[in-house]
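Subject: Structure for you to look at

Hi,

Here is the structure I promised to pass on. Please open it first, then read my notes below.

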Amino acid sequence: MKHRETAQRIVESVGGVSNVNSVYHCVTRLRFELKDNTKADQAALKKLDMVMGTNISGEQFQVIIGNDVPKVYDEMVKEFPALKQTADGNKKEGDKKQNVILKIFETIAGVFAPMLPAITAAGILKGLLALFVTLEWLSAGTDTYRILSAIGDGVFYFLPMLIAFSAARKFGSNPYIAVGVGAALMYPDMGALLSSGEAVSFLSIPVTAVSYASSVIPILLAIWLLSYVEKTVDRFVTPSLKLLLVPLISLLIMVPVTLIAIGPLGTFIGDGLSGGINWLLTEGGLFSGIVLGGAMALIIMTGMHYALVPVIISNLATLGFDKFLPLTYISNMGQAGATLGVFFRAKDKKLKSVALSTSFTALMGVTEPAMYGVNMKYKKPFIAAMIGSAAGGGFALAFGAKAYALAGNGGIPGLPGLVGQTFWYAFGGMAIAFVIAAIVTVMLGFKEEADDAAQISGSITVKPADKNPAAPASAEAGVEAASATADDTAYSPMTGKAIPLKEVNDPTFGDELMGKGIAFVPSIGELLSPISGTVMNVFKTKHAMVIRSAAGMELLIHVGINTVKLRGQFFEAHVQTGDQVEAGDKLLTFDLEQIALNYDITTAMVVTNTADYGQILPLKLGEVEIGQPVLKAELFRRGEQ
């Protein structure tokens with residue numbers, strides 16, 4: 001139920017099914033291609049319990065969920081079947097043209113993400129086997145070792161068949177025909193033929209000897225081409241013969257074409273990419289580690305790391321190690337360390353709690369809460385994380401740190417993937433990144449995000465007086481605060497239910513930190529002036545305003561709790577700072593239904609210069625209509641002060 005409700009709310013918040021061109025998911029996030037990104041309500045998305053944050057990369061709108069993203073996605077396509085079609089490659093009309101490079105990244109991500117559970121499981125097992133042999137808990141060559149090795153190595157050896165199936169789903173081809181292509185390339189006699197050392201030909205056309213075991217790029221290109229071949233053949237075959245002829249013709253075309261052209265080309269591209277990147281990581285050493293380590297968070301945020309997935313998997317399958325993966329661990333530790341630094345530096349107890357918990361989850365390899373929820377939010381911790389990662393990356397690559405398996409987790413649980421001769425160099429880089437990021441965060445400091453109370457106090461200067469807040473002055477209005485000169489009455493600014501201020505679910509108002517007053521639960525999205533006087537401040541986010549009566553009573557009216565996060569969405573102000581208003585004039589209209597979907601709509605009306613009065617008395621609670629007297633402010637009587 002939780003995943004289904006989250007899925008429904010996400011689709012609503014991105015503008016509905018009609019605003020979605022396509023959607024798929026990777027390991028931690030939903031990746032939408034929307035017709036109009038401005039229709040996505042990021043504030044509403046961030047309010048959902050299971051949503052860690054949002055991100056826009058190029059034209060792609062990402063909703064970050066974490067480990068539960070497959071379950072949310074499954075519920076989403078069950079509830080909205082049209083979205084399943086877009087994920088399978090059949091785009092809807094009106095699709096936007098997309099940046100070619102970004103399209104390639106997304107395609108690679110869409111192919112490899114579904115395979116990661118199998119690759120991760122095999123990678124972890126290979127790492128554990130290496131550890132057990134090192135610790136002499138298991139001897140290489142025993143039957144047990146060979147069986148366990150087959151489990152770990154089999155996935156990588158037959159990788160082309162896994163890629164074929166996943167790529168077919170991404171490109172819109174028949175996945176079983178695609179596996180047939182991969183199976184032909186992996187057939188034992190085919191391997192023996194190509195490795196015999198003798199010239200091989202097909203219909204007198206030379207076939208280049210290439211090993212397809214553990215290869216990545218050749219099969220990826222082959223299935224991409226298969227998707228076009230299959231659709232073309234399908235158009236020319238009569239319906240009664242499609243079941244027999246389309247698969248047969250597709251296989252007869254694609255296997256020879258792959259052997260003759262695509263295989264050698266793909267191998268050349270793959271070897272070139274792997275060789276170039278491995279050369280950079282090996283020869284660049286310290287410099288490459290600093291640059292790539294520092295930039296890793298940005299690379300991951302933009303999705304560019306998916307372009308390296310084929311290289312990483314190919315390295316692990318053919319070389320037995322990869323030098324890029326340790327940098328992902330190190331970057332994660334930088335994020336964890338920076339968030340711990342926030343914990344030590346923060347003053348707000350809630351922020352300290354969030355920082356400590358997200359630091360722990362980042363150590364466990366889940367960095368989205370730390371990166372998006374804390375470090376990027378306060379900016380300087382994110383910079384500190386990059387500095388720490390640069391230092392750790394430089395150290396690791398200077399000593400040639402390697403990963404020996406794809407563990408599927410770049411945190412402490414994924415350490416078996418680093419077990420090998422360079423383990424301590426990789427671990428040292430992780431430790432350096434964590435410690436330096438934490439220290440730099442504490443040194444740089446950061447400005448704690450202003451909540452509603454801070455937003456208010458930023459525009460209203462409050463001076464303490466005898467346990468009560470005193471009179472505010474509006475910097476924007478340029479009006480000096482004045483003492484109250486007479487008793488004053490405020491009238492209900494809205495229709496709904498009047499409640500005691502202490503019942504407001506916000507300590508800023510409920511604990512009367514801003515002053516005494518009354519609150520309302522509105523039934524109509526309209527706010528009228530409760531007094532005659534001067535508009536001292538209309539907040540930029542339009543969710544609140546301050547009015548001062550001729551007698552000197554200053555009222556802060558704040559619509560909803562935490563609605564500052566809407567940044568003015570769903571609100572329309574009808575007055576400006578400095579305007580003169582009469583009681584009953586329209587101040588503000590707002591979309592009550594939309595706001596109430598994600599926010600408490602309770603509206604506080606507070607006398608911010610409470611200290612100037614002897615008492616503030618609610619005159620009516622319960623159901624109220626606009627214009628009814630609801631609050632009275634009485635001056636101090638002789639002998640009261």
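I started with the charged pairs. Searching the whole structure turns up four salt bridges. Keep in mind that this is a predicted model. Three of the pairs are described here.

K586 pairs with E526, and their closest N and O atoms are 3.4 Å apart. K586 sits in strand 18 (residues 586–590) and E526 in strand 12 (residues 526–528), so this bridge ties together parts that are 60 residues apart in sequence. K586 is partly exposed, at 39% relative accessible area. E526 is also partly exposed, at 23%.

K242 bridges to D234, with 3.3 Å between the closest N and O atoms. Partial exposure applies here too: K242 has a relative accessible area of 24%, and D234 comes to 31%.

E554 and R548 form another bridge, the closest N and O atoms lying 3.4 Å apart. Are these two buried or exposed? Both E554 and R548 are buried.

Now the chain as a whole. It has 21 helices and 22 strands. Of its 641 residues, 51% count as buried. The exposed area is about 29300 Å², and carbon and sulfur atoms supply 60% of that. Take the contacts between residues at least 6 apart in sequence: 73% of them join residues at least 24 apart.

Next, the interior. In soluble globular proteins, nonpolar side chains tend to be buried together. The largest nonpolar core here holds 74 residues, and F112, I163 and I223 touch the most other members. Helix 12 gives the most to this core, with nine residues. Another core lies apart from it; this one has 36 residues, including L527, V538, I601 and L631.

I163 is worth a click. Setting aside neighbours within four places in sequence, I163 contacts V111, F112 and M115, along with S215, V216, I219 and L220. Two of those partners, I219 and L220, are among the buried residues of helix 11.

Helix 11 covers residues 217–236, which is 20 residues. From first C-alpha to last it reaches 30 Å, close to the 28 Å expected at 1.5 Å a residue. Which of its residues are buried? They are I217, P218, I219, L220, A222, I223, L226, S227, V229, E230 and V233. An α-helix has 3.6 residues a turn, so residues three or four places apart point the same way. Buried positions such as I219, I223, L226 and V229 are worth viewing with that in mind.

Helix 12 (residues 242–302) also has something to show on the outside. I290 lies in this helix. Together with L286, F287 and V291, I290 makes a nonpolar surface patch of about 400 Å². I290 itself is partly exposed, with a relative accessible area of 39%.

Last, a loop residue. Y599 lies between helix 21 (592–596) and strand 19 (603–607). Despite the loop setting, Y599 is buried, at 7% relative accessible area. What does Y599 contact beyond its neighbours within four places in sequence? The partners are A43 and K47, plus I561, N562, T563, K565 and L566. Y599 and N562 are 37 residues apart in sequence, yet 7.1 Å apart in space, C-alpha to C-alpha.

Over to you.

Best wishes

Conventions:
Residues numbered from 1 in each chain as written. Predicted model: local features only at pLDDT ≥ 70, side-chain atom pairs only at ≥ 80, totals over all residues. Heavy atoms only, no water. Patch = residues over 30% accessible without salt bridge, like charges linked within 9 Å, V, L, I, M, F, W, Y side chains within 5 Å. Areas by Shrake-Rupley, 256 points an atom, 1.4 Å probe, with all protein chains shown as cover. Salt bridge = Lys/Arg side-chain N within 4 Å of Asp/Glu carboxyl O. Helix = DSSP H or I, 4+ residues; strand = E, 2+ residues; numbered from the N terminus. Buried < 20%, exposed > 50% of the residue type's maximum accessible area, 1.4 Å probe, protein only. Contact = heavy atoms within 4.5 Å. Core = buried A, V, L, I, M, F, W, Y, C linked by side-chain atoms within 4.5 Å. Expected span 1.5 Å × (residues − 1).
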